[in-house]
Amino acid sequence: MASASLLTTSPIIDKSDWVKGQTLRQPSASVVRCHPVAPSGLTVRASSYADELVKTAKSIASPGRGILAMDESNATCGKRLASIGLENTEANRQAYRTLLVSAPGLGKYISGAILFEETLYQTTIDGKKMVDVLVEQNIVPGIKVDKGLVPLAGSNNESWCQGLDGLAPRSAAYYEQGARFAKWRTVVSIPNGPSELAVKEAAWGLARYAAISQDNGLVPIVEPEILLDGEHGIGRTFEVAKKVWAEVFFYLAQNNVLFEGILLKPSMATPGAECKDKATPQQVADYTLSLLRQRIPPAVPGIMFLSGGQSEVEATLNLNAMNQTPNPWHVSFSYARALQNTCLKTWGGRPENVKAAQEALLIRANANSLAQLGKYTGEGESEEAKQGMFVKGYVY
């Protein structure tokens with residue numbers, strides 16, 4: 001894997017000088033002008049997938065498109081199904097996921113879909129591979145690779161994300177199955193600190209995952225979620241996120257992660273869900289864009305925001321506000337509930353409602369597509385789409 005810092009700060013090194021796993025050859029005098037010679041013994045690991053990683057990341061970060069996060073674990077999917085009176089069976093999960101991936105024209109608004117492992121290997125109710133249906137819609141298949149959150153010993157009741165053990169062979173198998181990007185979610189809790197230990201653990205885990213993913217051909221989505229839980233104001237969220245993002249990108253560089261071949265999936269800078277002072281979309285945009293400018297290298301092709309319990313409309317309005325002026329990154333969405341909530345309720349588990357549910361999904365996808373382009377107005381939205389979805393202590 002190529003060092004991101006070298007790629008962004010040393011453009012005078014010709015591509016032919018990158019040798020996988022070997023000492024970097026000193027460039028000729030005709031190539032180097034007024035730059036110091038690379039330190040003796042410096043090694044640069046360039047993944048054999050480097051060109052493909054950059055191409056995939058750019059494809060996902062394409063104008064007017066974002067990511068459909070449908071990677072809920074079977075247990076979480078069961079909770080969603082229970083909300084409409086359905087039993088948590090593989091057949092019901094298959095039926096719902098078939099509805100999502102086969103929505104006509106979904107690829108116009110969605111560039112990537114994050115899948116749970118079951119879905120990656122699953123077929124639709126018509127017997128077609130889910131992955132093939134996505135590819136036919138010009139949607140890049142992705143895969144959730146983390147193994148969930150567990151208590152972090154020695155912390156203030158905080159969590160760390162497990163899943164690094166065996167990640168390399170799993171990633172290779174996922175690539176073989178058709179996945180081209182991966183997702184790893186870790187969280188930081190403001191009410192619980194966050195402690196230095198929790199922040200460093202989150203950043204290091206994301207960096208190791210990203211390096212392993214790139215080495216196996218998968219573009220890593222780096223997701224350091226700042227949980228909405230708490231009564232804190234937007235300023236506190238800003239300060240915590242600034243520290244977390246700094247740690248994340250420090251360790252990404254330490255692990256020689258190719259910045260051009262990743263996507264960032266952060267939280268927006270918002271007040272805590274229980275804060276009395278609510279923020280306007282413009283305030284959210286101002287704080288969040290300031291964070292991005294201070295912490296995120298422009299080499300990163302896409303910022304794919306999570307919704308984190310915001311209402312469908314709120315998440316779209318905030319995204320739209322961030323796209324009123326040009327940004328050095330593709331600023332877009334990677335939403336789960338904020339794309340699926342109305343769709344799921346419209347379906348209700350009834351075959352005769354599939355078309356209406358798909359239309360509800362397309363309405364939300366189109367709204368967020370417009371928001372990515374800075375053209376969303378918010379007109380004609382349903383009351384259902386305006387309902388908040390925050391759940392205190394939410395377990396994904």
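This is a short tour of the structure in your viewer, moving from the whole chain to one strand, two cysteines and one asparagine.

**Start with everything shown**

Keep in mind that the model is predicted. In cartoon view, you will find 13 helices and ten strands in the protein. Now switch on the surface: about 16600 Å² is exposed, and carbon and sulfur atoms supply 52% of that area. Of the 396 residues, 57% count as buried. If you like contact maps, here is a number to go with yours: among contacts between residues at least 6 apart in sequence, 79% join residues at least 24 apart.

**Select residues 140-144**

Next, pick strand S3, which spans residues 140-144. How many of its residues are buried? The count is five of five, so the strand is mostly covered, with burial meaning under 20% relative accessible area. Show the side chains and look along the strand. Val140, Gly142 and Lys144 point one way, while Pro141 and Ile143 point the other way. Lys144 is worth a pause here, as this lysine is among the buried residues of S3.

**Add the strands paired with S3**

Bring in residues 110-115, which form strand S2. S2 and S3 pair in the parallel sense over four bridges. To find your place in this pairing, label Ala113, which stands opposite Pro141 of S3.

Then add residues 181-188, strand S6. Which way does S6 run relative to S3, parallel or antiparallel? The two run parallel, joined by three bridges. A handy landmark for this pairing is Lys144, which stands opposite Lys183 in S6.

**Jump to the cysteines**

Select Cys77 and Cys275. Cys77 has a relative accessible area of 4%, and the value for Cys275 is 7%. Both fall under the 20% cut-off, so each counts as buried. There is no disulfide to look for while you are here, as the structure holds zero of them.

**Finish at Asn368**

Colour residues 354-372, helix H13, and zoom in on Asn368 within this helix. Is Asn368 buried or exposed? Its relative accessibility is 0%, and because the limit for burial is under 20%, Asn368 counts as buried.

What does the side chain of Asn368 touch through a polar contact? The partner is the side chain of Thr316, at 3.0 Å. Now display the rest of the surroundings. Beyond its neighbours within four places in sequence, Asn368 is in contact with Thr316, Leu319, Phe333, Tyr335, Ala338 and Leu339.

Methods: Residues are numbered from 1 along each chain as its sequence is written. This is a predicted model: local features need pLDDT of at least 70, side-chain atom pairs count only at pLDDT 80 or more; totals for chains, interfaces and linings use all residues. Side-chain values use heavy atoms; hydrogens and water are left out. Buried means under 20% relative accessible area, exposed over 50%, partly exposed in between (1.4 Å probe, protein chains only). Two strands pair if DSSP finds at least two bridges between them. A disulfide is a pair of cysteine sulfur atoms within 2.5 Å. A polar contact is a pair of N or O atoms within 3.5 Å; within protein, one must be able to donate a hydrogen and the other to accept it, and residues adjacent in sequence count only if both atoms are side-chain atoms. Contact means heavy atoms within 4.5 Å. Accessible areas come from the Shrake-Rupley method with a 1.4 Å probe; for residues, only the protein chains shown count as cover.
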